[in-house]
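Colleague: I would like to learn how such a model is read, one feature at a time. Could you take me through it, with the general idea before each case?

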Amino acid sequence: MKNLCLLIFTCLLCFSCKEAEPKLPHYTITGTAKGVYNGVRIHLKSSDDKEKDKIVSTRMVKNESFFIEGRVDMPTLYNVTIDGIQGKLPIMVENSNINIDINKSKIEESKITGSKAQEDYDRFYIGFNKLDKEIFATVKEFRKYRSQNNKTKLDSLSNQMKIIDNKKTQYVIDFINNNEDNFFSLFLISKQLNNKKLDAKKYMDAFNNLSSEIKSSKKGIEIKLKLENLLDNYLKTNQPKIEK
């Protein structure tokens, strides 16, 4: 009995002292594509600031499976497309072992596992898409009353759209502030840098709230410089005029 207790204690000690799994220096994407024929090409694509696609990697399906590998400096949003299949699958790629189960009928509903950044992406967009639906419904109403030239309704709906737009901005900021040690938060900031309505001060504050590791990363330093320039222009534009 004494030996059994000692064995259990030793096992528990080993588990508690177990080091965290080391980060991989590259990513692997192992995919299953049921119903997709041999030789069909699968593409991993990136998008530039103008949403123009660039092929990162192309592989052929063999025995309803495919394999892609590469490296990213930080979690990056790519898209998976398949020749002959409509649509694309957004995927947050990070240096880890990622698995994709392709849904041939509706590629957007394919299952992705093995990427923490993808989990964060999905979690973020659950709330963000709800706000997008609110905006869409309001815009639909706006068009309806614009055709009727109903100024009272149009003014009310314009204010409503501004409120929802502000809620979207705050939703992004809150997500970043609540996930300060997450590289996906840095990705969210980077996606907003070309937004003409960007509140540079809010995003600079959110950036400063990130962990030291993220801020000092290569991408973090790059984004900080861009934010500082945007903030400088923002402060100049919004500086109160002093009456002479």
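Colleague: Let us start with accessibility: as what does Lys116 count?

Modeller: The general scale is that a residue is buried under 20% relative accessible area, exposed over 50%, and partly exposed in between, with a 1.4 Å probe and protein chains only. Lys116 counts as partly exposed, because its relative accessibility is 45%, whereas Asp120 is buried, with a relative accessible area of 2%. Before we go on, please note that this is a predicted model, in which local features need pLDDT of at least 70 and side-chain atom pairs count only at pLDDT 80 or more, while totals for chains, interfaces and linings use all residues. Residues are numbered from 1 along each chain as its sequence is written, and side-chain values use heavy atoms, with hydrogens and water left out.

Colleague: Which interaction joins the side chains of Lys116 and Asp120?

Modeller: A salt bridge is called when a side-chain nitrogen of Lys or Arg is within 4 Å of a carboxyl oxygen of Asp or Glu. The side chains of Lys116 and Asp120 form one, at 3.0 Å from N to O. Both residues belong to helix H2 (residues 116–147), where they are four residues apart, about one turn of the helix; helices are DSSP runs of H or I with at least four residues, strands are runs of E with at least two, and both are numbered from the N terminus. Lys116 and Asp120 are also linked with Arg123 in a network of salt bridges.

Colleague: How many salt bridges are there by this rule, and which parts does the pair Lys168 and Asp132 tie together?

Modeller: The count comes to ten. The side chains of Lys168 and Asp132 meet at 2.7 Å, N to O, and since Lys168 lies in helix H3 (residues 151–178) and Asp132 in helix H2, the pair ties together parts that are 36 residues apart in sequence. Lys168 is buried, at a relative accessible area of 16%, and Asp132 is partly exposed, at 30%. Glu134 and Lys167 also form a salt bridge, at 3.7 Å from N to O; Glu134 is in helix H2 and Lys167 in helix H3, so this pair ties together parts that are 33 residues apart in sequence. Glu134 is partly exposed, at 32% relative accessibility, and Lys167 is partly exposed too, with a relative accessible area of 39%.

Colleague: How is helix packing read, and at what angle do the axes of H4 and H7 cross?

Modeller: Two packed helices are described by the angle between their axes and the distance between the axes. Axes are lines fitted to C-alpha atoms, for helices over the stretch in contact, and angles run from 0 to 180 degrees between N-to-C directions. Here the axes of helix H4 (residues 183–192) and helix H7 (residues 218–237) come within 11 Å and cross at roughly 35°. Contact means heavy atoms within 4.5 Å, and Leu186, Ile189 and Ser190 in H4 meet Lys219, Gly220, Ile223 and Leu227 in H7.

Colleague: Turning to strands, in which sense do S2 and S5 pair?

Modeller: Strands of a sheet pair through backbone hydrogen bonds, either parallel or antiparallel. Two strands pair if DSSP finds at least two bridges between them. Strand S2 (residues 41–47) and S5 pair in the antiparallel sense over four bridges, with His43 opposite Thr81 in S5. S5 and strand S6 (residues 89–93) are likewise antiparallel, over five bridges, and Leu77 stands opposite Met92 in S6. S5 and S6 form a hairpin with six residues between them, and Gly84 in the turn has a positive phi of about 85°.

Colleague: Is S5 enclosed or open, and what does Asn79 touch?

Modeller: S5 is largely enclosed by the rest of the structure, because five of its seven residues are buried. Asn79, found in strand S5 (residues 76–82), counts as buried at 9% relative accessibility. Leaving aside residues up to four places away in sequence, Asn79 touches His43, Leu44, Lys45, Ser47, Lys88, Leu89, Pro90 and Ile91.

Colleague: And what is the strand order of the open sheet?

Modeller: The order of this four-stranded open sheet is S4-S1-S7-S8, with mixed pairing. Strand S4 (65–70) and strand S8 (111–113) are the edge strands, each pairing on one side only. Strand S1 (residues 27–32) and strand S7 (residues 97–101) pair in the parallel sense over five bridges, and the bridge partner of Thr30 in S7 is Asn99.
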